[in-house]
Amino acid sequence: MSNVNVYDSRADAAIPAESPLAWSFHHSGAPAASAASRVVMRECPFLGHLILRGGAIVLDEAVRDELGMNLPGRPQGLVLDGAGERSIQWLSPDEWLLIVPGGEAFALERRLRERLGDASFAIVDVSGGQTLLELQGGAVPELLMKSVIYDVHPAHFPVGKGVTTVFAKTSVILRRPDETRWELVIRRSFADYCYRWLLDAGEEYAIGVVR
């Protein structure tokens, strides 16, 4: 195992935790989804977010052994496990974002470090600094077209693709895990800004929020 100190960011589950959007829900509101909502937004908080860096071959072997998943085989690729609970996204030639259910990140990081041994790699737990917003509905591509600079037309942005792009005046990781869902991985410090932008930009689509 690599000679580093590894800490569990959620060591005591009994201590209440607030999602990055808890303040926003209280102060900016959370309009309920209705039959008229062409966009429905939901925060998926408290997931485990790990940044993996290193050689693709050794990381692919370690992730496959631990999770039964392979790293994406192409740039901008996004792969999910069979249950759709875990995902791996290509970020750059030697960088991947691994998202797992809450409470798994610490133990998984330790197992990966042990398996990788003396290989050249880096694993950083960024769970506390990010959150994930899920968008569903027929008007989501239209909403994104006026929010990001990347071409999100479904013909250009197929299922299984993910990119880092500019959202309004910040940056986000934009992903399309399946035909009905889009996801935004956003920094905690910009969560309220992105949330309020989406509420404003989505008003014409009767955007609703599921909490």
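Helix α2 (residues 56-67) and helix α3 (residues 105-116) have axes that come within 10 Å and cross at roughly 130 degrees. This is a predicted model, so keep that in mind as you look around. Besides the helix pair, have a look at an open sheet of six strands, at the hairpin of β3 and β4 and at the hairpin that β4 forms with β5.

**The helix pair**

- At roughly 130 degrees, the crossing falls outside the range of 65 to 115 degrees for roughly perpendicular and isn't over 145, the cut-off for roughly antiparallel. That's why α2 and α3 are called oblique to each other.
- The crossing of these two helices, α2 and α3, is right-handed.
- Which residues meet here? On the α2 side they are V58, L59, A62, V63, D65, E66 and L67, and on the α3 side L108, R111, L112, R115 and L116.
- Sort the residues of this contact by class and you get eight nonpolar, four charged and no polar ones.

**The six-stranded sheet**

- Walk across the open sheet and you'll pass its strands in the order β8-β9-β10-β7-β1-β11, with mixed pairing.
- Which strands sit at the edges? They're β8 (161-167) and β11 (208-210), each of which pairs on one side only.
- On average, neighbouring strands of this sheet are turned by 25 degrees against each other, ignoring direction.
- A bit of background: strands in a sheet pair through backbone hydrogen bonds, and the pairing can be parallel or antiparallel.

**Pairings inside that sheet**

- Start at the β8 edge: β8 and β9 (residues 170-176) are antiparallel partners, with seven bridges between them. For one spot to find, V163 has L174 in β9 as its bridge partner.
- Now look at β7 (residues 130-136), where six of the seven residues are buried, so the strand counts as mostly covered.
- In the strand order, β7 sits between β10 and β1. How many bridges does β7 make with β10 (residues 181-187)? There are seven, and the pairing is antiparallel. Within this pair, Q130 stands opposite R187 in β10.
- With β1 (residues 40-44), β7 is joined by five bridges, again in an antiparallel run. Here M41 has L135 in β7 as its bridge partner.

**The strands β3, β4 and β5**

- How much of β4 (residues 87-92) is buried? Six of its six residues are, and the strand is described as mostly covered.
- β3 (residues 78-80) runs antiparallel to β4, and three bridges join the two. V79 stands opposite I88 in β4.
- The hairpin of β3 and β4 has six residues between its strands, and in this hairpin G84 takes a positive phi near 75 degrees.
- β4 is also joined to β5 (residues 95-100), by five bridges and in the antiparallel sense. Look for Q89, which stands opposite L97 in β5.
- The hairpin formed by β4 and β5 has two residues between the strands.
- One thing to watch for as you follow any regular strand: its side chains alternate between the two faces of the sheet.

**A loop residue to look up**

- E204 lies in the loop between α5 (191-201) and β11.
- Is E204 buried or exposed? Its relative accessible area is 57%, and exposed means over 50%, so E204 is exposed.
- E204 and V39 are 165 residues apart in sequence, yet their C-alpha atoms are 9.7 Å apart in space.

How values were computed. Residues are numbered from 1 along each chain as its sequence is written. This is a predicted model: local features need pLDDT of at least 70, side-chain atom pairs count only at pLDDT 80 or more; totals for chains, interfaces and linings use all residues. Side-chain values use heavy atoms; hydrogens and water are left out. Two strands pair if DSSP finds at least two bridges between them. Helices (H or I, at least four residues) and strands (E, at least two) are DSSP runs, numbered from the N terminus. Axes are lines fitted to C-alpha atoms, for helices over the stretch in contact, and angles run from 0 to 180 degrees between N-to-C directions. Angles under 35 degrees count as roughly parallel, over 145 as roughly antiparallel, 65 to 115 as roughly perpendicular and the rest as oblique. A crossing is left-handed if the near helix is turned anticlockwise from the far one by less than a right angle, and right-handed if clockwise. Contact means heavy atoms within 4.5 Å. Ala, Val, Leu, Ile, Met, Phe, Trp, Tyr, Cys and Pro count as nonpolar, Asp, Glu, Lys and Arg as charged, and the others, Gly among them, as polar. Buried means under 20% relative accessible area, exposed over 50%, partly exposed in between (1.4 Å probe, protein chains only).
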